[in-house]
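Good morning, and thank you for coming. Please look at the sequence and the structure on the screen while I speak.

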Amino acid sequence: MERCDNGGGRKSSSPQGIITVVGTGPGAVDHITPAVMACIAAADVVIGYSTYLDLLADQLAGKRIISSAMMQEVARCNSAFDLAEAGNRVVMVSGGDPGIYAMAGLLFEIAAERNSSIAIEVLPGIAAINSCAARLGAPLMHDFAAVSLSDLLTPWETIERRLHAAASADFVIALYNPKSKKRTEQITRARDIILQYRLASTPVGIVRGATRADEHILVTDLENMLAAEITMQTTIIIGNSCTYSWRGKMVTPRGYSDKYALQKACDEG
Ligand code: SAH
């Protein structure tokens, strides 16, 4: 089992604390790893975006909580360092995996900026790409690329260039941050780019709120995907040229059928 080096349950007596950035998975508490749960249990302070902390209300009872709205990431990281320097075991909570479009990178950047010697530990979580792929069947059986459509921190030209590259190289493409209340056009432009390389009948999986109470799963195609409700809680997985849908699931073949007779192999297995 992964070691949580976050004080081992004892009150920190060292002058220096530690920051552990943990991933809490897609939403449901039973999708949080035991290592992350143990780390949260041993924390002095838990910091995170309020939506993720709300999902953890039971686990946080009795702890010092610093919850903040989105777009305060830099302030949140600086508070983590201030508190760790005061000797606290600080846990920063990210949804999904903390190293995928989340807080781990910014923590290291700020550590370098502050020339900090505080230990930073990263504990993985189940990323949206994992939970959403699982709900859809087996869409990621071959090479894939993840592209975030958020142009808040990345120039749109860069995003377009990556979409062209991934689509032309026949990667399965997972689109993160496809749409928000303010950003509504990016998903249409992304689809137009992908349609330059893929058939309109290419399967597309759309998963909203994976593992949460409002989870919604749809397998459609490039032609019809824009008719679906797409929000900030949605991840979209676009098949490659070999992906097909079967009984409501999305399947990207790995190539076994070119090499083996599948029926015979199954009978013998
Ligand atoms: N660190 C997170 C990603 C944060 S970016 C991870 O590893 O999953 C936020 C984006 O993640 C959302 O816009 C959405 O595209 C995706 N996402 C997060 N949770 C999701 C869920 N439960 N179901 C579907 N997509 C989700």
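I shall describe the sheets, then the helices that pack on them, and finally the salt bridges and a surface patch. Please keep in mind that this is a predicted model.

Let us begin with the sheet that contains strand S1. Five strands form this open sheet, and they are arranged in the order S3-S2-S4-S1-S5 with parallel pairing. Strand S3, residues 64–68, and strand S5, residues 119–123, are at the edges; each has a single partner strand, so one side of each has no neighbour in the sheet. From one strand to the next, the twist averages 20 degrees. Within this sheet, S1 (residues 18–23) and S4 (residues 89–94) run parallel and are joined by six bridges. As a point of orientation, Val22 stands opposite Val93 in S4.

Two helices deserve attention here. Helix H1, residues 34–41, lies across S1, S4 and S5, and runs at about 140 degrees to S1. Helix H3, residues 73–85, lies across S1, S2, S3, S4 and S5, and its angle to S2 is about 175 degrees.

I now turn to another sheet. This one is also open and has five strands, in the order S7-S8-S11-S9-S10, but its pairing is mixed. Which strands stand at the edges? They are S7, residues 144–148, and S10, residues 216–221; each has a single partner strand, so one side of each is left without a neighbour in the sheet. The twist here averages 15 degrees from one strand to the next. S7 runs parallel to S8, residues 172–176, and five bridges join the two. Across this pair, Val147 is opposite Leu175 in S8.

Helix H5, residues 128–136, packs on this sheet and touches S7, S8, S9, S10 and S11; its direction makes about 65 degrees with that of S11. The buried residues of H5 are Ile129, Ser131, Cys132, Ala133 and Leu136. Just after H5 comes Gly137, which has a positive phi of about 120 degrees.

Next, the salt bridges. In general, side chains of opposite charge can pair when their charged atoms come close. The count for this model is seven salt bridges. One of them joins the side chains of Arg89 and Asp44, at 2.7 Å from N to O. This pair links distant parts of the chain, since Arg89 is in strand S4 and Asp44 is in the loop between H1 and S2, 45 residues apart. Are Arg89 and Asp44 buried or exposed? Both are buried.

A further salt bridge joins Arg208 and Glu229, with the closest N and O atoms 3.8 Å apart. Arg208 lies in strand S9 and Glu229 in the loop between S10 and S11, so the pair ties together parts that are 21 residues apart in sequence. Arg208 has a relative accessible area of 16% and is therefore buried, whereas Glu229, at 52%, counts as exposed. In addition, salt bridges that share partners join Asp82, Glu85 and Arg114 into one network.

Let me finish at the surface. Tyr256, Tyr260 and Leu262 make a nonpolar surface patch of about 340 Å². Of these residues, Tyr260 lies in the loop between helix H8 (256–259) and helix H9 (262–268). Its relative accessibility is 47%, so Tyr260 counts as partly exposed. Thank you for your attention.

Conventions
Residues numbered from 1 in each chain as written. Predicted model: local features only at pLDDT ≥ 70, side-chain atom pairs only at ≥ 80, totals over all residues. Heavy atoms only, no water. Pairing = 2+ DSSP bridges. Helix = DSSP H or I, 4+ residues; strand = E, 2+ residues; numbered from the N terminus. Axes fitted to C-alpha atoms, helices over the stretch in contact; angles between N-to-C directions. Contact = heavy atoms within 4.5 Å. Patch = residues over 30% accessible without salt bridge, like charges linked within 9 Å, V, L, I, M, F, W, Y side chains within 5 Å. Areas by Shrake-Rupley, 256 points an atom, 1.4 Å probe, with all protein chains shown as cover. Salt bridge = Lys/Arg side-chain N within 4 Å of Asp/Glu carboxyl O. Buried < 20%, exposed > 50% of the residue type's maximum accessible area, 1.4 Å probe, protein only.
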